[in-house]
Amino acid sequence: MIFSALSPLLRIPALSGMTQQALLKMDAETAHGATITALRLGLAPEQSHADSPELRTRLCGMELNNPIGMAAGFDKNAEVPRQLAQMGFGMVEIGTVTPRPQSGNPKPRLFRLPSAQGVINRMGFNNEGHDAVFARLRGLRVPAALGVNIGANKDSEDFVADYVLGVQKFADLADYLTANISSPNTPGLRNLQSDEALRRLLGELLAARAKAKTRVPVFLKIAPDLDEAALDVIAKGVLATDLDGLIISNTTTARDTVAGLDNADEAGGLSGKPLFERSTQKLAQMRQRVGDLPIIGVGGIHSPQSALAKFEAGANAIQLYSALVFGGLDLLDTIKRGLVAAVRTHGKTNIDQLVGSQTADWAAGKARP
């Protein structure tokens, strides 16, 4: 997905003439361009204080000031990872990046659902390709964990080979890599979540990682639309390898939570608040299957309570995205403060101690934030 829908989060004095309402009325991708430009010019605020010790987290060997990341899809071409880190994100995941540049699907391809705090996109991995992104990242210091989300070109004859190229290109630059096999906007991509295809993908991905100079952590990003039998297949495949973790989840093709709303029938993946319960239940169900394997929870986080629920369901870290269009940039700090308060209220010293405390209830569909 692209961050164009989220441009209103930038309540920057230098952009005072471009009010939130004006940005919401602007074409989504035009607004996105304005947002990236503002960030690139240094117009966004920087975090002025250190994160609370309750939020310090260790994830796959990475030391995070806080376990809250910017999800992939915002900074597709690695134009502003440093600026995002300076805002206060503990992780910044750029991409999805494909070996060759591609323009993505025809416009319009991004739609807001304001009353539901949701977004539908069918972007189609629009990005400038490996070489352009590599050039931007080479030598860049980012004061947060830098993730590179890798994907396959739509017209590729071999999707797996494209992911291998992504590992080979970015293994020595990134703090972690994410293999995105769950976008609904590249035909056939989600087939890589099936048994035989997944085994081949993981085998070749991790073989390529083994040849790199450094052992970069590799995550697999999966869909929220998998049934429990499919979760079993993925868990079995993952646990048979040395994959470092999972990201749960990508967008959903389901529309039950937004039926009847304007734009709800648009093709693509639904994100934002309407995705929260579906993605959180899948997270908990997968936590039950993979034991202590690290999981990054993403999908529908829109408040401190929903952020806490991801941890309680079994996430070790979380990522934000669509909710920022409705909550503004202040949402990041609000969530941090809420998590710190929750840790203290529970008599704990770190957010890690709340991970998985309600996994069973979330997996059974009994929990609510």
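**Exercise 1. Valine 340**

Task: Determine whether valine 340 is buried or exposed in this predicted model, and state which residues valine 340 touches.

Solution.
Step 1. The relative accessible area of valine 340 is 6%. Buried means under 20%, so valine 340 counts as buried.
Step 2. Valine 340 belongs to helix H11, which covers residues 330-345.
Step 3. When residues up to four places away in sequence are not counted, valine 340 touches Ser52, Glu54 and Leu55.
Step 4. Arginine 200 lies 140 residues from valine 340 in sequence, and their C-alpha atoms are 41 Å apart in space.

**Exercise 2. Isoleucine 335**

Task: Establish in which helix isoleucine 335 is found, and which residues are in contact with isoleucine 335.

Solution.
Step 1. Isoleucine 335 is found in helix H11.
Step 2. With a relative accessible area of 0%, isoleucine 335 is buried.
Step 3. Neighbours within four places in sequence are left aside; the contacts of isoleucine 335 are then Ile68, Ile301, Ser303, Pro304, Ala307 and Leu320.
Step 4. Histidine 302 is 33 residues away from isoleucine 335 along the chain, with a C-alpha separation of 8.7 Å.

**Exercise 3. The buried face of helix H4**

Task: Identify the buried residues of helix H4, explain why they line one face of the helix, and name elements that cover them.

Solution.
Step 1. Helix H4 spans residues 130-137, and His130, Val133, Phe134 and Leu137 are buried there.
Step 2. Viewed down the axis of H4, these buried residues fall within an arc of 100°; they therefore line one face of the helix.
Step 3. The cover over the buried residues of H4 includes two helices, H3 (81-87) and H5 (159-170), together with the strands E4 (91-97) and E7 (145-150).
Step 4. Just after H4 comes glycine 139, whose phi is positive, at about 80°.

**Exercise 4. Cis peptide bonds**

Task: Locate the cis peptide bond that glycine 95 forms and the one that lysine 107 forms, and place each with respect to the secondary structure.

Solution.
Step 1. Glycine 95 is joined to threonine 96 by a cis peptide bond with omega near 15°.
Step 2. Threonine 96 is part of strand E4.
Step 3. Between lysine 107 and proline 108 the peptide bond is cis, with omega about -5°.
Step 4. Proline 108 sits in the loop between E4 and strand E5 (110-113).

**Exercise 5. Positive phi in residues other than glycine**

Task: For glutamine 117 and phenylalanine 125, give phi, the location and the degree of burial.

Solution.
Step 1. Glutamine 117 is not a glycine, yet its phi is positive, at about 55°.
Step 2. Glutamine 117 lies in the loop between E5 and strand E6 (118-121). Its relative accessible area is 27%. Partly exposed is the class between under 20% and over 50%, so glutamine 117 is partly exposed.
Step 3. Phenylalanine 125, also a residue other than glycine, has a positive phi near 55°.
Step 4. The loop between E6 and H4 contains phenylalanine 125. Phenylalanine 125 is buried, its relative accessible area being 4%.

**Exercise 6. Glutamate 157**

Task: State where glutamate 157 lies and whether glutamate 157 is buried or exposed.

Solution.
Step 1. Glutamate 157 lies in the loop between E7 and H5.
Step 2. Exposed means over 50% relative accessible area; glutamate 157 has 85% and is therefore exposed.
Step 3. Glutamate 157 and arginine 58 are separated by 99 residues in sequence and by 38 Å in space, C-alpha to C-alpha.

**Exercise 7. The protein as a whole**

Task: Explain why the radius of gyration agrees with a compact globule, and describe the overall dimensions, burial, contacts, surface and charges.

Solution.
Step 1. A compact globule of 369 residues would have a radius of gyration near 21 Å; the value for the protein is 19 Å, which agrees.
Step 2. Along the principal axes, the C-alpha atoms fill a box of roughly 55 × 50 × 45 Å.
Step 3. The secondary structure consists of 12 helices and 13 strands.
Step 4. Of the 369 residues, 59% are buried.
Step 5. Among contacts with a separation of 6 or more, 74% are between residues 24 or more positions apart.
Step 6. The accessible surface is about 14,300 Å², and carbon and sulfur atoms contribute 49% of this area.
Step 7. The protein has 39 positive and 37 negative charges, and their mean positions are 2 Å apart.

Key: Residues are numbered from 1 along each chain as its sequence is written. This is a predicted model: local features need pLDDT of at least 70, side-chain atom pairs count only at pLDDT 80 or more; totals for chains, interfaces and linings use all residues. Side-chain values use heavy atoms; hydrogens and water are left out. Helices (H or I, at least four residues) and strands (E, at least two) are DSSP runs, numbered from the N terminus. The radius of gyration is taken over C-alpha atoms; the globule rule is 2.2 Å times the number of residues to the power 0.38. Buried means under 20% relative accessible area, exposed over 50%, partly exposed in between (1.4 Å probe, protein chains only). Contact means heavy atoms within 4.5 Å. Accessible areas come from the Shrake-Rupley method with a 1.4 Å probe; for residues, only the protein chains shown count as cover. Lys and Arg count as positive and Asp and Glu as negative; His and the chain ends are not counted. The place of a charge is taken as NZ of Lys, CZ of Arg, CG of Asp or CD of Glu. The arc is that of the directions from the helix axis to the C-beta atoms.
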